[in-house]
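Reader: I would be grateful for a close look at a single part of this model. Please treat that part in one connected account.

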Amino acid sequence: MTIHRRAAPAPKYQQLATDLRRRIESGEWEGGGRLPVETELEAQYGVARNTVRLAVDVLVNEGRVVRVQGKGTYLREPSRHDHRVHARPPRQVRREPLTPSGEVYAAEAAAAGRQLTVDFEVAAVRARRDIAAWLGLRPEDTVMMRRQLCRVDQEPYAIEESHYRAGLAAGTPLMQDRPVPGGDERILAQLGRTETAATDHLTARMPDPAEAAWFGLGPGVPLLVNTRISSDRRGPIRVVETRYAADRARLLYELGDAAAECRSAPLRPPGPEFRSVPVGPPAEFVRIAVGIQSEFDRRRPVLDRK
């Protein structure tokens, strides 16, 4: 299934914002660097100054750039502090395979009496810089991407994209646009790459126009992006990026022996929140419930200069 952006062509300022976003993500301007001034962008794209201003407004609202009066528009340098909610134990006697995410989605939907539907897409794409770095590749090397479009009761719920080294996934069922019996994890295990460890990165951002359109998001609704880098003893295996709509999803982390005792506890209505329930030593059990969301398709339409 193809993710349709819109029936009619996007306004020129949105097309311009899309292309500027692509150039930013490709690394054309480094963090903290200055974007071309408005007159330069007018000449490059052959559009009116107001179109340029509206496009830059979009990037400002997304938190990608910042205007400095009298100086210009600069890339916003991310300032993030990493917090390990749950650190991996220093030693593991046995390395158990990670639970397949598809099984978790299906079980949760069934338990809630709701219907989960998933559409698949596969493609060879150029890796984003962060994904390339996590996989040990060069920026914009080709990776194989497997996308799952998840709906719960026909409402868009999440977009999950798995990125593999081209040589690992090519020619395997991972590149078929249909479910894999036993999950993607089974195929990886058959290839000798059982996922036994992972690190999750949980970040929030505003959606781009295509994301907002697919999820049907209202103004001001952000995305929370969960990025998982899985590995085995040989190194990284894949990068899975999952994006959820913050107004309709919540992530739960249940860790430690006390998790089973809290599953029956009533949950408050979905929304941004943080809850820590210490059981015994504070590090023994942590439970988090956060409103979250999702990101998606990086295919950029060519800017219409007409």
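In which strand is Asn226 found? Please describe that strand and its surroundings as well.

Author: Asn226 is found in strand E7. The model is a predicted one, and what follows is computed from it.

Strand E7 comprises residues 223–232, and nine of its 10 residues are buried. Strand E7 has pairing partners in E6 and in E8. With strand E6, residues 197–205, E7 runs antiparallel, and nine bridges join the two. One such pairing places Ala197 opposite Ser231 of E7 as its bridge partner. With strand E8, residues 235–245, the pairing is again antiparallel and extends over 10 bridges. Here the bridge partner of Ser230 is Arg238, in E8. E7 and E8 also form a hairpin, with two residues between them.

Asn226 itself has a relative accessible area of 11%; because this lies under 20%, the residue counts as buried. Its contacts, leaving aside residues up to four places away in sequence, are Asp200, His201, Leu202, Val240, Glu241, Thr242 and Tyr253. Of these, His201 merits a separate remark: Asn226 and His201 are 25 residues apart in sequence, yet their C-alpha atoms are 5.7 Å apart in space.

As background to a strand of this kind, side chains in a regular strand alternate between the two faces of the sheet.

In summary, Asn226 is a buried residue within a mostly covered strand, which is paired antiparallel with E6 and with E8.

Conventions. Residues are numbered from 1 along each chain as its sequence is written. This is a predicted model: local features need pLDDT of at least 70, side-chain atom pairs count only at pLDDT 80 or more; totals for chains, interfaces and linings use all residues. Side-chain values use heavy atoms; hydrogens and water are left out. Buried means under 20% relative accessible area, exposed over 50%, partly exposed in between (1.4 Å probe, protein chains only). Helices (H or I, at least four residues) and strands (E, at least two) are DSSP runs, numbered from the N terminus. Two strands pair if DSSP finds at least two bridges between them. Contact means heavy atoms within 4.5 Å.
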